[in-house]
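Good morning, and thank you for coming. I would like to walk you through one structure, beginning with a term that we shall need.

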Amino acid sequence: MSVNISTPVRNTSIEKKKKKHRFKPRLLILLIPPLIWLSVFLFTPYVALFLNSFWRVDFGTIVHTFTWDNYIKFFTNDLYYGTLLKTLKIASLVTIFSVLLSYPLAYFINFKVKKNKQLMYTLVIIPLWVSYLVRAYAWKIVLGQDGILNSLLISIGIIDKPLEVFLYSPYAVVIALTHIYTPWVLMSIYTSLEHIPRNLQEASKDLGAGRFRTFFQVILPLSLPGVIAGATFAFVLAMGDFLAPQLLGGTSSMLISNVVYSLFGVANNWPLGSTIGIVTLVLVLLILEVTHRLEKRTSSFENVKEQKGR
Amino acid sequence: MDYIIKIENVEKSFGNEHIVKGINLDIKPGEFLTVLGPSGCGKTTTLRLIAGFEDPDAGEIWIDGKSVSRIPPYKRDVNTVFQNYALFPHMTINENIAYGLKMKKVSKSERLARVIEALRLVQLESFGDRKPRQLSGGQQQRVAVARALINNPKVLLLDEPLGALDLKLRKQMQIELKHLQQKLEITFIYVTHDQEEALTISDRIAVMNKGVIEQVASPKEIYESPSTKFVADFIGDTNLFEIQISPTNETNVVNLFGTKVGGRIREPKSLTKQNYLSVRPERVKLLAHGEEAPYFLSGTVEEVIYVGSFIRTVVKLQQGQRIVAMMPSKGDHLCLPGDRVRVTWKEEDGIVIGQ
Amino acid sequence: MEKTSRFDWISTSLKASAVLIFLFIYLPMIVVVVYSFNGNAVNSFPVLTWSVKWYGVMMNDSALLASLKNSILVAVTGTIIGLFLGIPAAFVVDRFSFPGKTIFERIVLLPMILPGIITGVAMMSVFVMMRVQLSLTTILIGHGTFLIAVVMTQVYARLKRLDRAIEEASMDLGATRLKTFFYVTLPNIKTAVIGATLLSFTLSIDEIAVSYFLTGRELTLPVQIWAMLRRGITPEVNAISTLIFFFSVVMIVIVTRLNREVD
């Protein structure tokens with residue numbers, strides 16, 4: 001994860017290495033308020049979700065007796081694990097497309113743009129913070145039955161009546177999610193490209209490597225941590241999305257979070273919903289752990305930094 | 001009072017790293033003391049212990065007769081000039097310098113007067129309204145000194161204050177700092193890894209290595225009469241030879257490769273199991289043909305390098321070791337590689353030291 | 001000669017793909033902006049009549065305006081919570097080492113990393129179990145919780161780059177820890193704090209996944225828009241979306257400016 005903050009690197013003085021396991025009063029004053037808030041409003045809910053997942057529903061009310069039923073149901077009923085597999089497939093597609101779209105643009109801005117580089121970069125990451133809903137909704141206008149794409153195609157004469165395949169299909173979901181999460185990947189890849197010293201490229205060319213060789217032997221390996229971090233973001237976020245599928249996809253393109261959504265809503269089966277929530281949570285944490293390790297292993301710069309800190 | 005600062009058996013560890021291993025040091029009022037050592041030797045930590053940024057694990061520090069071991073930095077009568085100056089980037093030079101006075105609740109008018117005086121002291125009168133980043137490295141360095149001096153501290157601590165400057169400016173600032181110190185008669189404790197700098201500016205030098213102070217003495221004594229192999233090796237260049245000392249040793253004669261050569265034992269009690277003979281290159285003499293000497297070693301010239309004011313000659317001795325001689329480049333006889341030569345030195349220039 | 005033409009070919013295709021990708025990112029949003037001025041109620045192509053009437057409709061939509069007011073209320077209070085708890089958390093992570101620190105960091109960051117729906121349903125379960133009525137307060141709690149993580153990461157990133165020696169210099173010159181914080185530390189992390197504030201506010205205004213599950217009778221703006229969308233497309237949403245879009249852009253430009261100032 002790019003938000004890893006477990007190892008603050010300090011370089012004010014080599015001789016200064018403060019590692020004292022002691023609760024100082026200053027620490028307690030700073031730590032206790034956020035700690036209390038987070039335990040009550042964050043840790044407790046996650047624990048509650050976990051406990052909920054072992055209860056069951058009888059005639060619309062929750063029965064507080066321990067059972068594995070929900071987990072068994074999840075892993076045996078095609079509706080649930082099938083949806084999870086489908087979700088993973090769609091999230092993978094979104095991730096692949098996001099990376100394929102992000103890399104050339106990030107590379108272009110970083111290596112080819114000379115003037116207004118900062119402006120270009122800002123333009124690219126603006127959508128990151130621009131309303132999620134606006135971006136999902138935009139695709140409904142573009143792909144809808146009376147939408148721009150259909151009326152455009154009709155006016156050109158390619159089709160004579162609106163097509164429904166654009167909206168309410170897995171394609172629409174993949175397109176919209178790719179659009180929504182590409183800026184995340186872009187930011188991550190751009191940052192990693194930016195950290196590659198310029199002279200490495202020159203050194204590689206100086207040593208006789210061509211443009212392609214330089215890219216595949218030098219640039220790509222060095223930017224891999226950024227690609228992994230960005231891809232992780234896109235994958236995890238796409239996997240948990242339920243609004244875009246609901247807005248743009250048909251019943252056939254419902255993702256796992258839509259199932260959770262309906263179990264906590266109309267289907268009114270909170271324990272099963274919690275079970276799926278927990279399964280998703282565990283899956284996400286697993287993915288984060290794995291990619292975090294991958295990122296570390298592929299990172300060439302961090303090792304240098306660590307050695308320096310010795 | 002004899003001492004302005006007294007450090008007694010002070011120890012400091014960070015995690016498993018024992019950085020300062022029980023040091024003792026007395027610093028006299030008004031003296032310019034330099035703590036010299038390679039990076040990681042614990043010199044900066046020693047300074048930080050005096051300033052109060054670190055608490056000692058053991059031992060005691062006295063400033064002006066008061067134990068300060070549990071007193072926070074803001075209550076200590078010492079001020080620091082930091083390695084990279086640590087000027088407040090969001091404040092002007094005036095505000096930076098006035099900061100200490102503001103904390104002491106000195107009135108605004110007095111503050112202003114003293115800031116002007118301080119700026120004059122470091123010759124930056126017209127820079128008061130600028131921000132630190134608008135100043136050059138050398139100017140920032142002066143601001144850091146002015147800021148630290150405005151509180152009239154009893155002791156000024158300087159942590160490699162010239163490390164970021166280029167060589168020429170560094171030499172100039174060394175002189176300026178020395179003059180400033182003599183003018184103000186404040187005790188300076190100066191940390192550096194640059195032995196030349198230490199020799200230039202200090203009244204006394206404390207040589208530190210691996211958390212231990214190896215020798216405290218005047219620059220001349222440190223150079224001419226190092227007490228340990230490390231000190232001899234770290235300060236200036238030297239020729240070091242392993243030697244055996246027998247109890248029946250004649251005074252000022254040691255046995256080197258079976259030849260009796262001149263060498264005085266600096267302090268009999270400092271000798272260890274393994275001992276060394278140290279001869280500075282500029283004290284090594286190449287004997288001219290037919291020239292007599294009470295003792296000498298023979299060898300072949302291996303390398304002659306012209307280094308401006310000096311000529312550096314490397315001689316490979318018959319016994320296999322090398323010895324380096326530095327001679328003024330205007331010397332009368334010049335050797336060439338391959339020449340057979342004899343080298344010697346005066347008795348007092350060969351120093352016998354322990355590990 | 002041959003070499004230059006190959007060089008051009010690679011560069012040109014790279015440039016072309018960059019332009020296309022850029023279009024892909026921006027086109028949908030441009031479409032929304034353009035269609036907010038569409039006189040017709042259907043978003044078809046090409047636009048036949050131009051009008052600003054949907055902005056008028058929006059200004060008279062009392063439910064929408066009420067939700068905007070709710071959103072601002074939640075965003076302001078949520079940001080304050082985020083600042084008051086996130087800044088200390090950033091200092092804790094930057095300055096101290098204590099048993100359980102890694103777990104603390106992980107838990108703080110969870111709501112930023114996990115899909116919003118999980119945090120949403122988890123919080124909802126607890127509120128319902130404890131018989132807490134869902135309301136703006138519960139939305140506020142949800143927002144405050146993830147804004148702590150937002151503020152913490154922003155401020156921590158700055159603290160990490162802060163030269164600790166200036167704090168030592170301050171204490172060396174006679175300032176206590178508290179004075180050092182206000183005179184030296186805070187002014188030097190000021191832009192990060194302002195940036196975190198604007199970012200928190202924007203994120204809170206836009207947040208929907210968590211809010212959706214914690215909403216009682218009073219809706220926030222995105223939840224209200226969501227409800228409108230589910231009832232069917234109305235061009236009014238284009239007008240709102242356009243305003244939200246420009247609001248976000250302005251905020252982000254300010255934040256990136258602030259971040260750049262320091263470098």
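A salt bridge is a side-chain nitrogen of Lys or Arg within 4 Å of a carboxyl oxygen of Asp or Glu. In general, side chains of opposite charge can pair when their charged atoms come close.

A word on conventions. This is a predicted model, in which local features need pLDDT of at least 70 and side-chain atom pairs count only at pLDDT 80 or more, while totals for chains, interfaces and linings use all residues. Residues are numbered from 1 along each chain as its sequence is written, chains are lettered from A and ligands numbered from 1 in the order in which they are written, and side-chain values use heavy atoms, leaving out hydrogens and water.

Let us turn to chains A and C. Between chain A and chain C the count is 1 salt bridge. Its partners are the side chains of A:Glu289 and C:Arg106, at 3.9 Å from N to O. From helix α1 (residues 25-52) of chain A come 18 residues, the largest share of the side of chain A that touches chain C; helices are DSSP runs of H or I, at least four residues, numbered from the N terminus. That side of chain A divides into 59 nonpolar, 19 polar and 13 charged residues. Here Ala, Val, Leu, Ile, Met, Phe, Trp, Tyr, Cys and Pro count as nonpolar, Asp, Glu, Lys and Arg as charged, and the others, Gly among them, as polar.

How many residues of each chain take part in the contact? In chain A there are 91, and they are in contact with 98 of chain C, where contact means heavy atoms within 4.5 Å. The area buried between the two chains is about 8,600 Å², with carbon and sulfur atoms giving 80%. Buried area is the accessible area (1.4 Å probe) that two parts lose on being put together, summed over both.

A:Glu289 deserves a second look. Within chain A, A:Glu289 also forms a salt bridge with A:Arg293, with the closest N and O atoms 3.4 Å apart. Why are these two residues separated by about one helical turn? The reason is that A:Glu289 and A:Arg293 are 4 residues apart in helix α12 (residues 270-298) of chain A. Over all chains, the structure holds 25 salt bridges.

I shall gladly take questions.
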